[in-house]
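Work through these exercises with the sequence and the 3D view side by side. Try each task before you read its solution.

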Amino acid sequence: MSLNQLIEDCKNDNTKAQGELYKLYSGKLFAICLKYSRNYAEAQDNLQDAFLTIFKKIEQYKNKGSFEGWIKRITVNTVLQRYRNEKVFDIINENTIEDVEVEVDEDELSIDYLLKIIQELPDRYRLIFNLYVLDGYSHKDIAKMLDINIGTSKSNLARARQILKKTIEDYKTTQRSQSL
């Protein structure tokens, strides 16, 4: 069955087609949910919510542009909506922002460890770090998506980088002391 046929069947509330669409995209969308969620269980809830939204709005997809891009955007927006409703963002004075570069040596740190420490960031820092660094959104776009001002986006990114830098430095110090 072609993707277009699968989409059309989903538009007609065909539960078998919805199951097939879920099987086809759940892995990719779960990775997105995991990136933005606090933990695995929350990512599962967010994935479920995202698919409910996808199936509810699938009539709006008009076969223009990438379907995968469309469902990814819905997934990100579904997860971000949860945090928008929780008002997790602090407004920080822009004059206090000190941007930090985080240097990562891939031989010393595994991707799993890096993803773990990013996931452990407080919500406001994790969301903005992921949107800016991993997904390439601008501060202007992030501010619009999260209903915050640009200065808040910049300051939360700077704070996320400071926390990650300290966590990595502490990890390296611990690793060196254990190897002595």
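**Exercise 1. Find out how far apart in sequence the contacting residues are, then describe the overall fold.**

Step 1. Take the contacts in the protein between residues at least 6 apart in sequence: 70% of them join residues at least 24 apart. A contact means heavy atoms within 4.5 Å.

Step 2. Note what kind of model this is. It is predicted, so local features need pLDDT of at least 70 and side-chain atom pairs count only at pLDDT 80 or more, while totals for chains, interfaces and linings use all residues. Residues are numbered from 1 along each chain as its sequence is written, and side-chain values use heavy atoms, with hydrogens and water left out.

Step 3. List the secondary structure. The protein has eight helices and zero strands. Here helices (H or I, at least four residues) and strands (E, at least two) are DSSP runs, numbered from the N terminus. Along the sequence the pattern reads α-α-α-α-α-α-α-α.

Step 4. Add burial. Of the 180 residues, 41% count as buried. Buried means under 20% relative accessible area, exposed over 50%, and partly exposed in between (1.4 Å probe, protein chains only).

**Exercise 2. Judge the confidence of the model.**

Step 1. Start with the average. The mean pLDDT of the protein is 87, and 88% of the residues score at least 70. pLDDT is the predictor's confidence in each residue, from 0 to 100.

Step 2. Go through the elements. H3 has the highest mean pLDDT (96) and H5 the lowest (87).

Step 3. Look for a weak stretch. Over residues 91–97, pLDDT stays under 50. The model has 10 contacts beyond four places in sequence for this stretch.

**Exercise 3. Locate the largest nonpolar core and say which helices supply it.**

Step 1. Count its members. The largest nonpolar core has 46 residues. Such a core is a set of buried Ala, Val, Leu, Ile, Met, Phe, Trp, Tyr and Cys residues joined through side-chain atoms within 4.5 Å.

Step 2. Name the residues with the most contacts inside this core. They are Leu 21, Leu 29, Ile 54, Phe 67 and Leu 131.

Step 3. Trace the helices. H1 (3–11), H2 (15–36), H3 (40–57), H4 (67–86), H5 (111–119), H6 (123–134), H7 (139–146) and H8 (150–179) each supply at least two residues of this core.

Step 4. Zoom in on Leu 21. Not counting residues up to four places away in sequence, Leu 21 touches Leu 3, Leu 6, Cys 10, Phe 51, Phe 55, Ile 58 and Phe 67.

**Exercise 4. Describe how H2 packs against H3 and against H4.**

Step 1. Take H2 and H3. They pack at an angle of about 135 degrees, with their axes 9 Å apart. Axes are lines fitted to C-alpha atoms, for helices over the stretch in contact, and angles run from 0 to 180 degrees between N-to-C directions.

Step 2. Classify the angle. Under 35 degrees counts as roughly parallel, over 145 as roughly antiparallel, 65 to 115 as roughly perpendicular and the rest as oblique. H2 and H3 are therefore oblique to each other.

Step 3. Find residues on both sides. In H2, Tyr 22 and Phe 30 are among those that meet H3. The H3 side includes Ala 43, Leu 47 and Ile 54.

Step 4. Repeat for H4. The axes of H2 and H4 come within 10 Å and cross at roughly 40 degrees. This pair is therefore oblique too. Residues of H2 at this contact include Lys 28 and Ile 32, and those of H4 include Ile 71 and Val 76.

**Exercise 5. Is each of these residues buried or exposed: Asn 46, Tyr 83 and Asp 13?**

Step 1. Asn 46 is in helix H3. Its relative accessible area is 0%, so Asn 46 is buried. Beyond four places in sequence, Asn 46 touches Cys 33, Ser 37, Thr 78, Val 79 and Arg 82.

Step 2. Tyr 83 is in helix H4. This residue is buried as well, at 0% relative accessible area. Tyr 83 and Tyr 36 are 47 residues apart in sequence and 9.9 Å apart in space, C-alpha to C-alpha.

Step 3. Asp 13 lies in the loop between H1 and H2. At 57% relative accessibility, Asp 13 counts as exposed. Asp 13 has a positive phi of about 60 degrees although it is not a glycine. Most residues other than glycine have a negative phi.
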